[in-house]
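Here are a few exercises to work through with the model open in your viewer. Try each task before you read its solution.

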Amino acid sequence: MTPPRRSRLGRSLGAAAAALTVALSLTGPATAAPAAPADRAVPADGQVMMVLGQDSDTLSEYRRDVLDDAALGAPAPGGVTLYTNLVLGGSPEPLAGMDSPADWGAGTVDFGKTLAEYPDSALAVGLYLADATTGCGNQPLRAVIGRDDEDVTSGNPNLITRYRAKVDEMIQKFKAYDRDVLLRIGYEFDGPWNCYNADFYKEAFRYIKGRIDALGATRVATVWQSAAWPVDTHPDHPEWNYVVTDPAHLDAWYPGDQYVDWVGLSAFYNARSVETQWGCGAYDTDPVGFQDRILDFARAHGKPAMVAEAAPQGARTGQSTTSCIFTNSPRPATGEAIWDGWHAGYFDWIERNTDVIRAAAYINTHWDTQPQWQCADGAQAGGPGCANGNWGDSRVQADPTVLARFVDELDKPHWTAAPATRPEGGTR
């Protein structure tokens, strides 16, 4: 199967479009789920949980290089990010990383190791549900929601039974962790690289939420995460719901207030960085404006917002360079310039929006060392030598100035390193 996080750059739906058209022609009834507390895993008022990710190797290196250095005095993150998948028939197997280490070319994922190294941190989980590399038929979603389609009902046991058993197995594992879990169901749902069908996605989200509540997983919160990708994709097929300039774009993907605990988004750009990062590309809606639009959506629905993915895309702290995200064209930049050109804008944006942003991630990863994310100098995102986009090296510890500024930022009073507040009825 496709690794659990696909590039937003240089990927075309191409031949999958025909299969997606078929999938989008199918409809079915929505499932029902009981209402649940709206404050699952939410920190105290005015507090923002720092969430660090996004693989076990990265998290181990951060503990070694930053947390274990007493002179730095850096707090442990309030949460850590890992990924798993729920796609049968591929590699890695469903729930990869939860029982044993897994590596799909984006760093090792080892839930047991990371939870042991960060015993007091909440866990943010990206759950991959796409069959983007096998035709975009949305088979995992259709199986989860129990559609009477031949390709999901054939076999003994059929895919419906098998997928639903995996959903329950996953939820029971989360319960056993005895810590807050922020479950990003089908993260970046509106990223066209995932080719989700909006109707199937909403129904699958509702089904999983229903099982969370039915199994009494009171410390598992659902996160509905937009890609915040500011480009209209396949505008000739607006029914696919990848036209972000449509004012109703987010509404088309929303499962409903009773199913969503957190509104999430990716935030790889900010007011200080757009000119550099998008200097060799074009967008259809202002990238920062789209992120703010998602925050306003969260406010309108009375939901806390989680910045579920964020990093200075195109920057390389260890190499002291920055680049446009569409072509790896590194230009020299001091640590101070890297901080001022991305980090300062990101953290300022969070601080201005602490009324709604209650958790914010930082991907502290040396992307160029991971096969999935490698991008050669001069390569174009999506092309040879840069298949999955130009990401770079976002490790704060790779530059002393960036690291010092980062530690200072986390000393501000709105950041919390403590575990999130327990939901009513939850246990420690």
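**Exercise 1. Work out how helices α11 and α12 pack.**

Solution. Start with the geometry: α11 (residues 335-352) and α12 (residues 400-410) pack at about 25°, and their axes are 9 Å apart. Angles under 35 degrees count as roughly parallel, so α11 is roughly parallel to α12. Here, axes are lines fitted to C-alpha atoms, for helices over the stretch in contact, and angles run from 0 to 180 degrees between N-to-C directions. Helices are DSSP runs (H or I, at least four residues) and strands are too (E, at least two), numbered from the N terminus.

A quick word on the model: it is predicted, local features need pLDDT of at least 70, side-chain atom pairs count only at pLDDT 80 or more, and totals for chains, interfaces and linings use all residues. Residues are numbered from 1 along each chain as its sequence is written, and side-chain values use heavy atoms, with hydrogens and water left out.

Next, look at who touches whom, with contact meaning heavy atoms within 4.5 Å. On the α11 side you'll find Gly335, Glu336, Ile338, Trp339, His343 and Phe347, which meet Thr401, Val402, Arg405, Phe406 and Glu409 of α12. Sorted by class, that contact has five nonpolar, three polar and three charged residues.

**Exercise 2. Do the same for α6 and α7.**

Solution. Helix α6 (residues 159-177) packs on α7 (residues 198-214) at about 50°, with 10 Å between the axes. The two are therefore oblique to each other. Now the partners: Arg164, Val167, Asp168 and Ile171 in α6 meet Tyr207, Ile208, Arg211 and Ile212 in α7. This contact divides into five nonpolar, no polar and three charged residues.

**Exercise 3. Find the unusual backbone spots on either side of α6.**

Solution. Go first to the loop between α5 (150-153) and α6, where Pro157 sits. The peptide bond from Asn156 to Pro157 is cis, with omega near 0°. Then move to the loop between α6 and β4 (181-185), which holds Asp178. Asp178 isn't a glycine, yet has a positive phi of about 50°.

**Exercise 4. Which peptide bond involving Gln54 is cis?**

Solution. Head for the loop between β1 (48-53) and α2 (56-67), where Gln54 lies. The cis bond joins Gly53 and Gln54, and omega is about 15°.

Terms used: Angles under 35 degrees count as roughly parallel, over 145 as roughly antiparallel, 65 to 115 as roughly perpendicular and the rest as oblique. Ala, Val, Leu, Ile, Met, Phe, Trp, Tyr, Cys and Pro count as nonpolar, Asp, Glu, Lys and Arg as charged, and the others, Gly among them, as polar.
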